[in-house]
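Here is a small set of exercises to work through with the model open beside you. Try each task before reading its solution.

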Amino acid sequence: MKEFLSRLYCGQIHPNEGVGRYYDEILPLERLSNRILEELNGEISEKAKEDLKKYIDCQQELSFFAEQDAFARGVGFAAKFFVAAID
């Protein structure tokens with residue numbers, strides 16, 4: 001266990017590597033999203049493009065914090081689960 005934590009801390013283990021569970025669903029949605037964004041950028045004014053970029057940046061930051069929180073809560077749950085299993 002100590003070796004695992006040490007390797008994780010030192011960056012030798014990358015838990016987010018590889019393809020996730022929903023890759024087959026995410027990939028087409030990413031492609032569709034990118035295509036829609038390209039179409040919008042070709043149709044809207046420069047001011048609207050700036051506002052859209054700010055909106056997208058804001059949504060990405062919100063997602064980052066939500067994902068980070070979900071990760072921390074998941075790790076906390078797993079730790080409690082394993083401690084309870086040891087008792």
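The exercises below go from the overall fold to salt bridges, cysteines and a surface patch, and everything in them rests on a predicted model.

**Exercise 1. Fold and overall dimensions**

Task: work out which secondary structure elements the chain has, and set its radius of gyration against that of a compact globule of 87 residues.

Solution:
- Start with the elements: there are 3 helices and 0 strands. Read from the N terminus, that gives α-α-α.
- Next, the radius of gyration. A compact globule of 87 residues would come out near 12 Å, but this chain has 20 Å.
- Now check the box. Along the principal axes, the C-alpha atoms take up roughly 60 × 25 × 25 Å.
- Finish with burial. Just 1% of the 87 residues count as buried. The accessible surface adds up to about 8300 Å², with 60% of that belonging to carbon and sulfur atoms.

**Exercise 2. Salt bridges along the helices**

Task: find how many salt bridges the structure holds, then take R35–E39, K49–E46 and D57–K53 one by one and say how the partners are placed in their helix.

Solution:
- The total is 5 salt bridges. As a reminder, side chains of opposite charge can pair when their charged atoms come close.
- Take R35 and E39: their closest N and O atoms are 3.5 Å apart. The two residues sit 4 apart in helix α2, so about one helical turn separates them. R35 is partly exposed because its relative accessibility is 47%, and E39 is partly exposed too, at 42%.
- Move on to K49 and E46, whose side chains meet at 3.3 Å, N to O. Both belong to helix α3 (residues 46-86), where they are 3 residues apart, about one turn. Here the exposure classes need a cut-off: over 50% is exposed, under 20% is buried, and partly exposed lies in between. K49, at 25%, is therefore partly exposed, while E46, at 53%, is exposed.
- Last, D57 and K53 form a salt bridge at 3.0 Å, N to O. They are 4 residues apart in helix α3, which means about one helical turn between them. D57 has a relative accessible area of 34%, so call it partly exposed.

**Exercise 3. Cysteines**

Task: how many disulfides does a search of the whole structure find, and are C10 and C58 buried, partly exposed or exposed?

Solution:
- Recall the chemistry: a disulfide is a covalent bond between the sulfur atoms of two cysteines.
- The search comes back with 0 disulfides.
- Then look at exposure. C10 has 51% relative accessibility, so it counts as exposed. C58 comes in at 41% and is therefore partly exposed.

**Exercise 4. A nonpolar patch**

Task: say which residues form the nonpolar patch on the surface, then place L40 in its helix and give its exposure class.

Solution:
- The patch is made up of L29, L32, I36 and L40, and together they offer about 320 Å² of accessible area.
- Now pick out L40, which lies in helix α2 (residues 23-43).
- For its class, use the relative accessibility of L40: the value is 35%, so L40 is partly exposed.
- Helix α2 also holds the R35–E39 pair from Exercise 2, so have a look at L40 and that salt bridge in one view.

How values were computed
Residues are numbered from 1 along each chain as its sequence is written. This is a predicted model: local features need pLDDT of at least 70, side-chain atom pairs count only at pLDDT 80 or more; totals for chains, interfaces and linings use all residues. Side-chain values use heavy atoms; hydrogens and water are left out. Patches are made of residues with over 30% relative accessible area and no salt bridge: like charges are joined within 9 Å, nonpolar side chains (Val, Leu, Ile, Met, Phe, Trp, Tyr) within 5 Å. Accessible areas come from the Shrake-Rupley method with a 1.4 Å probe; for residues, only the protein chains shown count as cover. A salt bridge is a side-chain nitrogen of Lys or Arg within 4 Å of a carboxyl oxygen of Asp or Glu. Buried means under 20% relative accessible area, exposed over 50%, partly exposed in between (1.4 Å probe, protein chains only). A disulfide is a pair of cysteine sulfur atoms within 2.5 Å. The radius of gyration is taken over C-alpha atoms; the globule rule is 2.2 Å times the number of residues to the power 0.38.
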